[in-house]
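Subject: Structure handover

Hello,

Here is the structure I said I would pass on. Please open it next to this email and follow along.

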Amino acid sequence: MNLQQRIDAFSKLGESIKKNKEKLAKGNHNLWFTPDFIDFALTETANSLQKENLEQWIAKYPELQKQKSNKRAGVITAGNIPLVGFHDFLSVLISGNIFVGKLSSKDDKLMPAIIKMLIEIEQEFKSRISLTEGKLESFDAVIATGSNNSARYFEYYFGKYPHIIRKNRNSVAVLTGNETDGELQGLADDIFLYFGLGCRSVSKLFLPDGYELDTVFRNSLKHKNVINHNKYANNYDYNRAIYMMNRIDFKDNGIMLMKEDIGYASPVSVVYYEHYSKPDTVKKRLQTDNEMIQCVVSKEELVDNTVNFGETQKPKLWDYADNIDTIEFLVNL
């Protein structure tokens, strides 16, 4: 199977995902994966697999045209949002390598269903994909994603192999006060999609001195139904009660809490915020804390690859997690 055949197969997979979204969503057992969020994840995955996207992505790696790779890449996926491990799966196979996957028990229904669809499209993938529920074995390299705690475990067990090990990251937005309501409603998507559980979910706002939080609150109400989700509402009630009992100052609009805090990883239902007087101060802070941040949403070019409002959960194929080029890693095995 050459590179063009692999591209064609994944392009057809995208079309098949679009046609079979309802069927794929059946059997989900994770209550955080609502039908709307599964539909969103499947739609974005299918859109990314359009042939022109795949070809634009792969064009950056001319060595793939002639390279014959047969390395076994062990991939340990996270389970925080639907299909979060799909990009690693795609990267391993599109680069001509063999996928040895250990899926998170929180997201172990969608990927097998999509794998089955891919094999129906291109039988040659059958011998290049294996899944394990037990210990990851017989691999040449590892790509593992998890919490900061699990990353220590991954480093211990897989440090001697070529590896990419990803830890916790969060995303931030830097506001100037000149944003339109449309942009702030996009920001609400960045905050609320997947209940804020993704590393690309905005969990922290940098606000200019004197900024009125009501502007953010008002434009967040498009997601007011989030409070009807039992698990989200439990987090909202719990965090609100903790803040009140401990007399911690916070703002509340009935669907989210905002707390002034220098941290990045806010609890579910809470967004941290911090004020700034000069944009340069924020720029330096973002550079210093670079390894804690997945992406930055802003109108200002404060960092390389700033993301537009409403776009954090719509990464392109070349928007790599933790800014580590997965294809380059796989090509150089």
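Below are notes on the sheet, a second group of strands, a few single residues, and the spaces in the protein.

This is a predicted model, in which local features need pLDDT of at least 70 and side-chain atom pairs count only at pLDDT 80 or more, while totals for chains, interfaces and linings use all residues. Residues are numbered from 1 along each chain as its sequence is written, and side-chain values use heavy atoms, with hydrogens and water left out.

The open sheet

Helices (H or I, at least four residues) and strands (E, at least two) are DSSP runs, numbered from the N terminus. Two strands pair if DSSP finds at least two bridges between them. In general, strands of a sheet pair through backbone hydrogen bonds, either parallel or antiparallel.

One open sheet has 5 strands in the order β3-β2-β1-β4-β5, and the pairing is parallel. At its edges are β3 (129-131) and β5 (163-166), each of which pairs on one side only. From one strand to the next, the twist averages 15 degrees. Angles run from 0 to 180 degrees between N-to-C directions, and axes are lines fitted to C-alpha atoms, for helices over the stretch in contact.

Strand β4 (residues 141-145) runs parallel to β5 and is joined to it by 4 bridges. Which residue of β5 is the bridge partner of Val 142? That partner is His 163. Helix α7 (residues 148-158) lies across β1 (72-76), β4 and β5, and runs at about 165 degrees to β5. Contact here and below means heavy atoms within 4.5 Å.

Strands around β10

Strand β10 (residues 270-276) is parallel to β7, with 5 bridges between them. One bridge pairs Leu 205 with Tyr 273 in β10. Strand β9 (residues 257-260) also runs parallel to β10, joined by 4 bridges, and Met 258 stands opposite Val 271 in β10.

Buried means under 20% relative accessible area, exposed over 50%, and partly exposed in between (1.4 Å probe, protein chains only). Of the 7 residues of β10, 6 are buried, so this strand is largely enclosed by the rest of the structure.

Leu 213 touches residues already named above: its contacts include Met 258 and Tyr 273. The others are Leu 207 and Lys 251, with residues up to four places away in sequence not counted. Leu 213 belongs to helix α9 (residues 213-220). Is Leu 213 buried or exposed? It is buried, at a relative accessible area of 9%. Leu 213 and Tyr 273 are 60 residues apart in sequence, and their C-alpha atoms are 9.6 Å apart in space.

Residues in loops

Most residues other than glycine have a negative phi, and most peptide bonds are trans. Two residues here have a positive phi without being glycine. Tyr 194 has a phi of about 60 degrees, and the phi of Phe 195 is near 60 degrees. Tyr 194 sits in the loop between α8 (181-192) and β7 (202-208), and Phe 195 is in the loop between α8 and β7 too. Tyr 194 is buried, with a relative accessible area of 6%, and Phe 195 is buried with a value of 6%.

Asn 30 is in the loop between α2 (21-25) and α3 (35-48). Asn 30 counts as buried, at 10% relative accessibility. Leaving out residues up to four places away in sequence, Asn 30 touches Gly 79 and Lys 106.

Cavity and pocket

Both are found on a 1 Å grid over the protein atoms alone: a cavity is a set of points where a 1.4 Å probe fits but cannot get out, and a pocket is an open set with protein on both sides within 12 Å along at least five of seven lines; lining residues have an atom within 4 Å of a point. Grid points are joined across faces, edges and corners, and a volume is the space filled by probe spheres set on the points.

How many cavities of 30 Å³ or more does the structure hold? It holds 1. The largest cavity has a volume of about 50 Å³. Its lining has 13 residues, and Asn 28, Phe 33, Asp 107, Lys 109 and Leu 110 lie nearest its centre.

The second largest pocket has a volume of about 580 Å³. It is lined by 21 residues, with Asp 304, Asn 305, Thr 306, Val 307 and Asn 323 nearest its centre. Strand β11 (residues 293-298) gives the largest share of this lining, 4 residues.

Regards
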